[in-house]
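Colleague: Could you take me through one part of this protein slowly, as you would for someone in their first year? I would love one connected explanation.

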Amino acid sequence: MAASVDLISGLHDDLLLRILSFLPAASDVARTSVLSRRWRHLWPNAVTLRFTIGSEPKTYRYTQSDRDEAGRLIATVNKALAIRLAAGGPDVEDLEVSFVYSSEDNTYIDDPYIGYSYQHYHAADITSAHVATWLQFAMCHMVKKKMMINDNNGDDNNGDNNEAEEEADEKQEGDDESIDDTINKEEEEEEWKPVPEYEYMNKEEEERVLSIELPCSAKIKEMSLTLGKAILTVPAAHAGVFHSLTYILISHARLDAGADQSFRLGHLLSLSCSPHLKRLELKYIEGIPELHLDAADTLEELLILGLDDLWSLDVDGQGLRMLSVKECFGISSARISAPLLEVLACKQMGRADRLRFDGTSSVRRIEGLHIPSHRLRYYETEDDDDNSAAVWFLRHCDIVDRLMVEVTWPRWWFQKKIHVEETDFEDNMLHIPQLPNISSLKIKVDGWTNGHNIGATVSKLIAKCTEIEDLCIDIEPSSEECSDQNCICNHPKGWELQNISLGNLRNIQIQNFLPFDNPIRLVQLLLTSTPALERMTLELNTICYDSREVIRFHIPCYEGCWELKNWQSDRELATTWATKYEWKRAGKEGEVGEMSDLDGLCIHR
């Protein structure tokens, strides 16, 4: 058999380097050096360098071995960048250094006692000097494209074996193997043995904080910095300092205590310094009480998340198409000028009388709007105004056709310990206008503790959207149901008997449905109000009750048929219970005999 012909190695260096740029990690790039002498000198000149900790810890619980793995990665980054500098190769296009596990399961909650799902103790090994070195390399040796720094606190040789290697080649080979070994210790086959769970050496190690200066470069196009709550200093910037920048993410940081730091940050991201910026993300940053952005006309997307100290937001974005402001619960004053805005995703914007918003006439989609079910007639404190700006948006964004809202139980109900007279509050749904342009409505019912009933409030909101075609209701699970007939959650009494005109509604999806009386009455109301309905799906929540219990409930078929779509089983309990039902309308006259009501949730075998 004829020997296979190596066609790829004959390509020009520039083309081979472009091929290497598609490899997912620097370890893969370094590994190509063992292919032949032709490839040995290529990897130090790669235009893309990616160093990542991986998707998740190797052991179920973070252990010393996981921390050692991260320590080797730190050494690898430093050595690889040093070799790159010594080689004098071309500038880098993409640089990624990530010490955050990339698994989708590694979610983040902005709470000092929670944080990431996976532990990241190796953040203590990353020093300010390390990060400064990586950033300095990026500023001096990146020609364009993307820089990503994610701190989480934060073979056989197939070449010419018969030729004698020159001394320089031998030295390079040794460096290649050292880098490859450092990055890829995980490929060594070792017998697994349990390692004690990692514990901090001392309190100082646990509380170590990084100090970083925000890098500035006129060459870089994309920059992503997740800094593990490092103290971030924003330098005084001159015009055009981010001349090429089109995207920037700054996350998990604390601005230096200087009084002008938030002003400097706003200036740095505005027109004069960032004239070509298209997308800006600021997430989980402390120390920004005021944010003023005089954005370039190129800025199309602005995302602000978890700025706990933010109370004043001022944005001038003449080209802005999408604005998202979430988990910024301290905002009390906002001025937004965005005449081309199409998507508004502002969960909490405070008081309507302190909102100045130019751009409502172009908004077509609203997402995540926080709407309390009831509100006080008179405000005694700032906290009593539970986001009146939400109703203002619904009144003024009159061409919206897609609406996603969070209907919540009012905060003041708990703060006032439920001692509220009926004359002191009013139904917030009464202040929401008719929304005849909405074709798609999604309602997330959240924060309804103590089993408060949702039917009255949700049905009144749905009744405002008479032209909807698709409806989704996501209910926060609760293991109890409010039995107080005088509770405000049951007002008005007899809500399930109202007439709702939903002549265009064809698809309904209800998630986390529980077989309590109130949700069942809501389903029945929807079935009797939708003459064009084609399908209703009930996805049942099975967490809030004991699967060993047979739960009986009844929903009539209403000219259709209920069908069991999914179920779960427990062999030990010899039990099967439903997780999803689907209702479909009968297709032809005379099929009534095939119709079936919905009876029961859990069936014993």
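Modeller: Happy to! One term to begin with: a residue is called buried when its relative accessible area is under 20%. Keep in mind that this is a predicted model.

Let's look closely at Asn541. Find strand 24 (535–540) and then strand 25 (554–555); Asn541 lies in the loop between them. Is Asn541 buried or exposed? Its relative accessibility is 4%, so Asn541 counts as buried. Now see what surrounds it. Leaving aside residues up to four places away in sequence, Asn541 touches Pro477, Asn512, Phe513 and Leu514. You can also look for Glu476: it is 65 residues from Asn541 along the chain, yet the C-alpha atoms of the two are separated by 9.4 Å.

To practise the same kind of reading, turn to Asn453. This residue sits in the loop that runs between strand 21 (440–446) and helix 11 (455–463). With a relative accessible area of 5%, Asn453 is buried. Again not counting residues up to four places away in sequence, Asn453 touches Trp448, Glu481, Cys482, Cys489, Asn490 and Asn518.

Finally, here is a sheet to set beside those loops. Four strands form an open sheet in the order 10-12-14-16, and their pairing is parallel. Strand 10 (290–294) and strand 16 (355–358) are at the edges with a single partner strand each, so one side of each has no neighbour in the sheet. Strand 10 runs parallel to strand 12 (residues 312–316), and five bridges join them. Within that pair, His292 stands opposite Asp314 in strand 12.

Key. Residues are numbered from 1 along each chain as its sequence is written. This is a predicted model: local features need pLDDT of at least 70, side-chain atom pairs count only at pLDDT 80 or more; totals for chains, interfaces and linings use all residues. Side-chain values use heavy atoms; hydrogens and water are left out. Helices (H or I, at least four residues) and strands (E, at least two) are DSSP runs, numbered from the N terminus. Buried means under 20% relative accessible area, exposed over 50%, partly exposed in between (1.4 Å probe, protein chains only). Contact means heavy atoms within 4.5 Å. Two strands pair if DSSP finds at least two bridges between them.
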